[in-house]
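Here's a quick look at a structure, with its main pocket and one of its sheets in focus. Have the viewer open as you read.

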Amino acid sequence: LDKLNGMMTFVGCTVLTIFLLIVQTTSISLWARVWSMEHNQKFPSRKSSMLADFGNRVRILRKEYKQKEKIKSSDENLSGVQVNRFHFVRNAAKLVGPSVVRIDGQRDVTPLAASMSDKYQPGEIFSVAGSGVIMASDGYVLTNAHVVENTKKVSVTLPNGRTFKATTVQSDELTDLAVLKVDAAALKNCVMTPAPLGDSSTLHSGDWVVAVGCPVGLDFTVTSGVVSNPKRSAAEIGAHHMKGSFIQTDAALNSGNSGGPLVNDLGQVVGINAMGLTNTQAIGFAIPINRAKEIYEVLKTGKKPAHPYFGMEISSITPDTIRIRNEDPNLSHLCEDTTGSLVHRVVPGGPADRAGLRRNDIIVGVNGETVVRAEDTEDQLEKCRPGVSAEVNVVRGEAGKRLTIAVEPVDMHVMLDAKRKQLSQPQVIVVKP
């Protein structure tokens, strides 16, 4: 009897539970119908809602899979070698290594060099060394101009140890770049691997970089660091005789690194190592590869690139510049929000002087492009063509008078050649009794 009572109780509870579930489901269905009638919308059924959730989940998983595949494919460089982010220095060096060469040359000891050192005598020959980057499989190598300047014999040593004679196709002292050519006939059964090139315009301060080269005669030396500043003007680093901007890095650059590649974490060349500041630590500079590629294409043809010469020196306007000028009663005052490039020297008789530019003018635009800092101004001026007038927008005086001055630059190489020719001619000095 007790078992029967227990069974009846269980059955009753089960029936009551089922009844309550039916009532609840019916109530929800009726509420849904009323809601759909009031809002004139179709309320999704439980089945369609489950399908929608399933479809959303599939789409999310598919999106995550595509993102993982994209990251995986981006970690493969041009050579198809998998780059491990935790070993990017090792992998970057491995990728660019076959394209880095050692350059050896010989120079005559000049009387000036002999007077500055007791190691050599005038007329002796001494050896110089540097690094280079293979740009084409038919024997073209890019390096620094100062590596091959005034050299009598030049040789290129590949990573496999083979050495070939090379000739200097052309060099550009104003950008410190030169192109060498290895005799194609000598390259039989020898492969020259062009370096993978990156985009230097994408660099930011803090990006990891690797410097590869042959410092002090040590083949294939690798150092690493970061981009300290992706854009330093030549005037900023004290190289007033050069054109263009530089990448500042704290990767160690020593004698012999000149001409070697500065590589990003994907193993792509983003700069050509050029120099390091003396009496400093971890301050080196490289020529951006985007600029180097433009110069390379011109030098490869045996010609020198044209560089406009305006005959003026400029600097960026900083808060300190404004403060110092405003405290000096002899100088025109500047507004606190002044931006642009301050002209602090105009070469007498130069293109800028003939056009009417003055010292203390503030350049705010070149050919319709607004400039904020000195490096922006130099970039825009460098784009101008010699012999073609450039419109320079300046602000003059405390009143902020705005002027547009047409300046016609000359070719800097032509000017330098004329100066050298003038200096090479014997000077006649007349001494009056």
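What follows covers the ground rules, the barrel and then the pocket.

## Ground rules

This is a predicted model, so to speak of local features takes pLDDT of at least 70 and side-chain atom pairs need pLDDT 80 or more, while totals for chains, interfaces and linings use all residues. Numbering starts from 1 along each chain as its sequence is written, and side-chain values use heavy atoms, with hydrogens and water left out.

## The barrel

Going round in the order S1-S2-S3-S6-S5-S4, 6 strands close into a barrel with antiparallel pairing. Strands here are DSSP runs (E, at least two residues), as are helices (H or I, at least four), and a pair takes at least two DSSP bridges. On average, neighbouring strands are turned by 40° against each other, direction ignored; axes are lines fitted to C-alpha atoms, for helices over the stretch in contact, and other angles run from 0 to 180 degrees between N-to-C directions.

S1 (residues 100–108) and S2 (residues 125–134) share 9 bridges, and Asp104 sits opposite Ala129 in S2.

## The largest pocket

The largest pocket holds about 1,000 Å³ of space. A pocket is an open set of points on a 1 Å grid over the protein atoms alone, where a 1.4 Å probe fits, with protein on both sides within 12 Å along at least five of seven lines; lining residues have an atom within 4 Å of a point.

Its lining has 36 residues, with Met242, Lys243, Gly244, Glu378 and Glu382 nearest the centre. H9 gives the largest share, 4 residues.

Conventions:
Points joined across faces, edges and corners; volume = space filled by probe spheres on them.
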